[in-house]
Amino acid sequence: MSIATATATATATASTHAAAERRSAELEREIAENPGRFRVLSGDRPTGPLHLGHYFGTLRNRLRLQDLGAEVFVLIADYQVLTDRDTAERLGEYTEGLLLDHLALGLDPDRTTVFNHSAVPALNQLVLPFLSLVSVAELSRNPTVKDEIAHSRQAAVSGLMYTYPVHQAADILFCKAALVPVGQDQLPHLELTRTVARRFNERYGKVFPEPDALLSTAPLLLGTDGAKMSKSRANAIPLAATADETARLIRGATTDAERHITYDPQARPGVSSLVLLAALCLDRDPHDVAAEIGDGGAAALKRTVTDAVNGHLAPARARRAEYAADPAYVRAVLRAGNERAAQVAERTLEEVRAAMGTFR
């Protein structure tokens, strides 16, 4: 890629991000005025235990939107596990754990529909007509797909990997979601979803809305090794960890040699991420937390973070244990969510068939 091309790409990306930030600010004002008119789609792949990065990055925002009165759909994207894995190992365990974490944190099954990708056939039937609306080149140059391919665990890239953005389009459009909470890195996926909706409407008639991105304002939390907190990097603090496990993981977190604790994310990323984690759990300003620790050094910092995390998560962990002791209820929640999502998907698929002139 030439310097001119790279510069033009960077400029276009910055412009897209700026526009998304402005639109997100408008959407937040609209949500505050009339949350009930918004349908929201968000979700996770069940590839391992959810952790603090998930909680502060996405889960807390889902619960906020639910509690404001928006209609929220939470997808457990079990089919998408296969995009970058040869087998879906421990899928049932991770699916149950994901649901337990959501329930423990406050997901209300009466207000939020939580469902399995694989349990909604009509949703997955949308993928085929949607694939006809995008080119191979469009899929190949999607930056998120390229990044997933670069970090893939498979010896060869599967065809499913390339169609990943179209699967996401079906996930969003099956319920005609108006809002999709995302980070900046997910904007290309959502833009492809908007493209699919627009092209379908132009070719067959108006069926789908063009969903908006609701950008997360959550700060980035680093893992215990100083890199981005991630299930695949084994550097995360699981939500379901015990108090002792949490303490052990935090004790092993990367800091630096300077004893005086300050909040400076650029110069001291490891220390600052720990300070930020404590501040988020305590609902305080990170500069104040750092000033309070002062010359206490890394040991005092890690004690503060451990106490803050364990104190913040203690009620949710207690509720999680209660839900885990009643697996019949947990299965019933997922079954009811699957049934509700399937009904919505069937209605949408009928509209698609009518628009395309196909018959059942």
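These exercises work through selected residues and helices of the structure above.

The model is predicted, so local features need pLDDT of at least 70, side-chain atom pairs count only at pLDDT 80 or more, and totals for chains, interfaces and linings use all residues. Residues are numbered from 1 along each chain as its sequence is written, and side-chain values use heavy atoms, with hydrogens and water left out.

**Exercise 1. Place H260 and find its partners.**

Task: State where H260 lies, how exposed H260 is, and which residues H260 is in contact with.

Solution.
- Step 1: place the residue. H260 sits in the loop between α11 (243-251) and α12 (269-282). Helices (H or I, at least four residues) and strands (E, at least two) are DSSP runs, numbered from the N terminus.
- Step 2: read the accessibility. The relative accessible area of H260 is 35%, so H260 is partly exposed. Buried means under 20% relative accessible area, exposed means over 50%, and partly exposed lies in between (1.4 Å probe, protein chains only).
- Step 3: list the contacts. Neighbours within four places in sequence are left aside; H260 then touches R268, G294 and D295. Contact means heavy atoms within 4.5 Å.
- Step 4: look at the side chains. Those of H260 and D295 are joined by a polar contact of 2.6 Å. Such a contact is a pair of N or O atoms within 3.5 Å; within protein, one must be able to donate a hydrogen and the other to accept it, and residues adjacent in sequence count only if both atoms are side-chain atoms.
- Step 5: compare sequence and space. H260 and G296 are 36 residues apart along the chain, and their C-alpha atoms are separated by 6.8 Å.

**Exercise 2. Describe how α12 packs on α14.**

Task: Give the geometry of the pair α12 and α14, then the residues that meet.

Solution.
- Step 1: take the axes. The axes of α12 and α14 (residues 297-324) come within 8 Å and cross at roughly 35 degrees. Axes are lines fitted to C-alpha atoms, for helices over the stretch in contact, and angles run from 0 to 180 degrees between N-to-C directions.
- Step 2: find the hand. The crossing of α12 past α14 is left-handed. That means the near helix is turned anticlockwise from the far one by less than a right angle; right-handed means clockwise.
- Step 3: name the residues. From α12 come V271, L274, V275, L277, A278, C281 and L282; from α14 come L301, K302, T304, V305, A308, V309 and H312.
- Step 4: sort them. The residues of this contact divide into 11 nonpolar, 2 polar and 1 charged. Ala, Val, Leu, Ile, Met, Phe, Trp, Tyr, Cys and Pro count as nonpolar, Asp, Glu, Lys and Arg as charged, and the others, Gly among them, as polar.
- Step 5: zoom in on one residue. C281 is in α12. C281 is buried, because its relative accessible area is 10%. Beyond its neighbours within four places in sequence, C281 is in contact with F56, A308, V309 and H312.

**Exercise 3. Find the two sides of α11.**

Task: Which residues of α11 are buried, and which are exposed on the other side?

Solution.
- Step 1: pick the buried residues. In α11 they are T246, A247, L249 and I250.
- Step 2: check their directions. They cover an arc of only 165 degrees around the axis, so they lie on the same side of α11. The arc is that of the directions from the helix axis to the C-beta atoms.
- Step 3: turn the helix over. D244 and R251 are exposed on the other side of α11.
- Step 4: ask what lies on top. The cover over the buried residues of α11 includes α14.

**Exercise 4. Compare two loop residues with positive phi.**

Task: Where do K176 and D283 lie, and how exposed are they?

Solution.
- Step 1: recall the background. Most residues other than glycine have a negative phi.
- Step 2: read the angles. K176, not a glycine, has a positive phi of about 55 degrees. Phi of D283 is near 55 degrees, also positive in a residue other than glycine.
- Step 3: place them. K176 is in the loop between α9 (164-173) and β4 (179-182). D283 is in the loop between α12 and α13 (286-293).
- Step 4: read the accessibility. K176 is partly exposed, because its relative accessible area is 25%. D283 is exposed, because its relative accessible area is 72%.
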